[in-house]
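These are my notebook entries from a session spent looking up how some of the helices in this chain pack together. I wrote them in the order in which I looked.

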Amino acid sequence: MGTPETSREPCPDRILDDIGGAFGMGAVGGSAFHFLKGLYNSPKGARFTGATQAVRLNAPRIGGSFAVWGGLFSTFDCTMVYVRQKEDPWNSIVAGAATGGFLAMRQGLAASARSAAFGGVLLALIEGAGIALNKFLSAQQPLPMMIEDMPPENSNSNANSEENKGGKPWFGGFGGIFGQKEEEKIGGGGSEVKVLESFDAPPVPNFEYK
């Protein structure tokens with residue numbers, strides 16, 4: 001399982017990807033929040049109309065704010081990657097601090113410093129939670145089981161090898177019962193002569209009187 005840094009898009013494409021994702025997140029979350037708020041604040045008989053009007057007015061604004069934050073964060077993140085020439089959680093932490101300070105720059109130096117510290121701490125918590133979750137999930141994954149192939153039995157392998165050497169199929173193991181008789185019938189008189197020669201003729205009785 002990849003880390004949050006390695007699973008993201010490459011740096012030039014990361015900016016557009018984060019802008020779109022941040023806008024979608026802000027639009028969906030803002031729509032749900034302002035829909036419920038519009039239902040609560042609208043008078044009876046016009047609650048649904050007031051809720052939809054609140055979503056139409058506020059959801060694009062919140063989505064745009066999220067998109068600005070995501071675009072600045074990705075820009076600072078890619079800048080840190082280019083400067084440091086490596087991907088690690090420190091890039092995201094510094095980018096979060098720089099984004100918070102940049103967005104609060106118009107409110108003064110003190111407010112910018114507070115926003116930068118808040119952004120850095122928030123990104124540090126997010127990165128730490130992501131690393132802990134990855135370690136937990138990787139520890140829960142079972143190890144692959146290595147199954148070794150069992151060698152074939154010696155008797156079967158020897159019988160198959162001997163039969164294959166003789167050009168016979170494996171089911172010719174019944175040759176001791178059927179195959180040998182068929183060979184004797186097919187092979188001619190050679191095998192029959194050997195069988196007859198292997199028996200001695202019985203002695204002939206002699207009936208002569210001495």
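Entry 1, the crossing of H3 and H4. I looked up the handedness of this pair and found that H3 and H4 cross in a right-handed way. I keep in mind throughout that this is a predicted model. The two axes come within 7 Å of each other, and the crossing angle is roughly 150 degrees. Because angles over 145 degrees count as roughly antiparallel, I note H3 as roughly antiparallel to H4.

I then listed who makes this contact: from H3 I have Pro89, Ser92, Ile93, Gly96, Ala97, Gly100 and Gly101, and from H4 I have Ser112, Ser115, Ala116, Gly119, Gly120, Leu123, Ala124, Glu127 and Ile131. Sorted by class, the H3 contact with H4 comes to seven nonpolar, eight polar and one charged residues.

Entry 2, Gly120. I picked one residue from that contact and asked: is Gly120 buried or exposed? Gly120 lies in helix H4, and its relative accessibility is 10%, so I enter Gly120 as buried, the cut-off being under 20%. Setting aside the neighbours within four places in sequence, I find Gly120 in contact with Ile93, Gly96 and Ala97. I also looked up its distance to Val94, and the two C-alpha atoms are separated by 6.3 Å although Gly120 and Val94 are 26 residues apart along the chain.

Entry 3, Ala117. I went on to Ala117, which is also placed in helix H4. With 44% relative accessibility, Ala117 counts as partly exposed. From Ala117 to Val94 I read 9.8 Å between C-alpha atoms, with the two positions 23 residues apart in sequence numbering.

Entry 4, H4 as a whole. I checked the length of H4, residues 109-140. Its 32 residues should span 46 Å at 1.5 Å a residue, and because the end C-alpha atoms are 47 Å apart, I record that the span agrees. For the buried residues of H4 I wrote down Ala111, Ser112, Gly119, Gly120, Leu123, Glu127, Gly130 and Asn134. What do the buried residues of H4 pack against? I find that they pack against H2 and H3.

Entry 5, H3 on its own. H3 covers residues 89-103. Its 15 residues reach 21 Å from the first C-alpha to the last, which is close to the 21 Å expected at 1.5 Å a residue. I listed its buried residues as Asn91, Ser92, Ile93, Ala95, Gly96, Thr99, Gly100 and Gly101. The elements that cover these buried residues of H3 include H2 and H4.

Entry 6, H2 against H3. I turned next to the other partner of H3, and for helix H2, residues 47-84, I find packing against H3 at an angle of about 135 degrees, with the axes 8 Å apart. That angle makes H2 oblique to H3. Here, too, I looked up the handedness, and H2 passes H3 in a right-handed crossing.

The residues of H2 that take part are Val68, Trp69, Leu72, Phe73, Phe76, Asp77, Met80, Val81 and Arg84, and in H3 they meet Trp90, Asn91, Ser92, Val94, Ala95, Gly96, Ala98, Thr99, Phe102 and Leu103. By class, I count this contact of H2 with H3 as 13 nonpolar, four polar and two charged residues.

Entry 7, the loop at Gln85. Which residue has a positive phi although it is not a glycine? I found Gln85, with a phi of about 60 degrees, and I located Gln85 in the loop between H2 and H3. Its relative accessibility is 60%, so Gln85 goes into my list as exposed.

Entry 8, the chain overall. I closed by looking up the totals, and the chain has seven helices and zero strands, the elements running α-α-α-α-α-α-α from the N terminus on. Of the 210 residues in the chain, 23% are buried. Finally, I looked at contacts between residues at least 6 apart in sequence, and 54% of these join residues at least 24 apart.

Technical notes. Residues numbered from 1 in each chain as written. Predicted model: local features only at pLDDT ≥ 70, side-chain atom pairs only at ≥ 80, totals over all residues. Heavy atoms only, no water. Axes fitted to C-alpha atoms, helices over the stretch in contact; angles between N-to-C directions. Helix = DSSP H or I, 4+ residues; strand = E, 2+ residues; numbered from the N terminus. Parallel < 35°, antiparallel > 145°, perpendicular 65-115°, else oblique. Left-handed = near helix turned anticlockwise from the far one by under 90°. Contact = heavy atoms within 4.5 Å. Nonpolar A, V, L, I, M, F, W, Y, C, P; charged D, E, K, R; others polar. Expected span 1.5 Å × (residues − 1). Buried < 20%, exposed > 50% of the residue type's maximum accessible area, 1.4 Å probe, protein only.
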